[in-house]
Amino acid sequence: MASSARTVAPLLLSPSQALSIPSESRVFLDATWFMPNVPRNPKQEFEGIRLPDARFLDIDQVATHTEEGAALGLKHMMPSPETFARACATTTEDLRIKPSTHRGTRSLPDMIPMAYSLPHGLCSCLEQAFSHTNSSVLDGGLPLWVNEGHEIETSSPKITTIEETLYAVPKLNESVIRSYAQMVNNSKLSRSDSATDLVVDARPHGRYLGTDPEPRPGMSSGHIPHSFSLPFNHFVSRHQFTNNTFLNSNPDIPFNSFTTLRSAEEITKELKNAVGHNFARQILSGEKGLVATCGSGMTAAILWLGISRIWEAEGKTLPTIRLYDESWTGYASRKESEISKGVETS
C-alpha cells in the first residue's frame with residue numbers, strides 16, 4: 001500500500017492540547033455541514049457561537065462542481081489544487097492559511113444521527129491529499145470545548161482587511177482518490193484477489209443491505225459488489241453535555257452532547273468485526289489496499305480518520321487510505337452500475 005508521511009501534527013487534539021499551540025501558529029476551521037433535510041444552517045450557527053478566531057470553511061463551496069457531477073447529484077467532490085490553494089489563502093472563505101499553519105478543524109461535532117456527519121475528518125483528509133500534514137481534528141469539537149468551559153465567541157465575526165497569504169498550488173496525491181471506473185473494475189475481482197482493494201461502506205447497515213431507503217428520493221439502496229459494511233458510528237462515542245450552567249444560560253444552544261473518536265483498540269475491534277480477522281490483519285499490515293465510501297462523500301472520512309488512528313497509535317507512517325470520490329450517490333445514479341443487496345458471502 002502506498003504511504004504518505006505525516007511527521008508534524010497528530011491526527012487528533014483535545015481542547016487542552018489545541019490551546020497549548022501558540023495562537024499565532026494555529027487556525028481553527030469550522031467545517032460544520034448538515035444533511036439537506038435538516039433545518040439547520042451551519043454558517044448562521046458559526047456566526048452565533050464559535051471557537052476564538054475561528055474561520056468558516058464551506059465544504060459545498062470548496063468542493064469541485066462539474067456538469068457531470070451536477071447531473072449525478074455530486075456535491076462533495078475533491079477540489080482542484082487551484083481551488084484548495086485559493087481557499088487556504090483568502091477569497092470568500094477568508095481562511096488566510098500558510099503551508100506552515102497548524103490547522104485544527106472544529107470536530108468531532110455534536111452528531112445528531114446523519115445530521116452532523118464528519119466534514120472535519122473530510123477536511124483533514126483532503127488536507128493530507130494536498131500534503132498539508134500540519135493539520136489535526138479537534139476531538140469533541142465545539143461542544144466538548146464548551147463543555148470544558150473554554151473561551152468562545154458569540155458576537156458577530158469581525159470583518160477585517162488582511163493581506164492575502166501566499167499558498168502555492170499544491171500537487172494532488174492522486175492515489176488518495178478512486179474513480180467510478182476503478183471502483184467498477186475492483187468490484188469484479190474477488191475479495192481475496194491480491195490485486196483487489198477492500199472497500200468499506202460507512203452508510204448505515206440497512207442502506208448497505210438494501211432494506212432501508214436512501215435519503216435521496218428515487219435512489220436505490222444496496223452496495224457495491226464485494227464491499228463491506230462498516231457504519232461510521234461504530235468508530236465514535238457520544239457523550240452527554242454536563243456543563244449545565246452554560247446550557248441554562250444559553251437555552252437556544254444547538255447542541256447538548258458531543259462526539260469523540262473511539263480508541264485505536266476499539267476501532268481495531270470494529271474493523272475485525274466488519275471485515276474479519278484475516279482481512280483486518282492484511283489491511284493493518286499494508287498488504288491490502290483500502291477504499292472508504294459512503295452516501296455523499298462525507299462520512300467515509302470517519303473511517304479514514306479511525307483507521308489512520310490505529311497506525312498512529314502503533315507509531316507507523318500512515319498509509320494511503322483511499323476515498324471513492326463519487327460515493328454511493330454517483331455509483332447508484334448510473335444506470336449501468338451493478339447493485340448488490342443483502343449480506344455478502346464471499
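In this predicted model, the buried residues of helix H11 are Ala264, Ile267, Thr268, Glu270, Leu271 and Val275. They sit on the same side of H11, because the arc they cover around the axis is only 165°. That fits the usual helical bookkeeping: with 3.6 residues a turn, residues three or four places apart point the same way. Flip to the face turned away from the buried side and the exposed residues Glu265, Lys269 and Asn273 turn up.

As for its geometry, H11 runs over residues 264-275, 12 in number, and spans 16 Å from its first C-alpha to its last, close to the 16 Å expected at 1.5 Å a residue. Just after the helix comes Gly276, with a positive phi of about 95°.

What do the buried residues of H11 pack against? Their partners are three strands, E7 (198-201), E8 (228-229) and E10 (257-261), plus the helices H12 (277-285) and H13 (300-313). Leu271 gives a close-up: beyond its neighbours within four places in sequence, Leu271 is in contact with Leu230, Gly276, Ala280, Ile283, Leu284 and Ile307.

Leu271 also shows up in the largest nonpolar core, a set of 32 residues, where Leu271, Val275, Val200, Phe235 and Ile283 touch the most other members. At least two residues of this core come from each of E7, H11, H12, strand E11 (290-293) and H13. H13 chips in the largest share, with eight residues. Another core, of 18 residues, lies apart from this one, and its members include Phe28, Phe46, Trp145 and Phe241.

How values were computed
Residues numbered from 1 in each chain as written. Predicted model: local features only at pLDDT ≥ 70, side-chain atom pairs only at ≥ 80, totals over all residues. Heavy atoms only, no water. Helix = DSSP H or I, 4+ residues; strand = E, 2+ residues; numbered from the N terminus. Expected span 1.5 Å × (residues − 1). Buried < 20%, exposed > 50% of the residue type's maximum accessible area, 1.4 Å probe, protein only. Arc of directions from axis to C-beta. Contact = heavy atoms within 4.5 Å. Core = buried A, V, L, I, M, F, W, Y, C linked by side-chain atoms within 4.5 Å.
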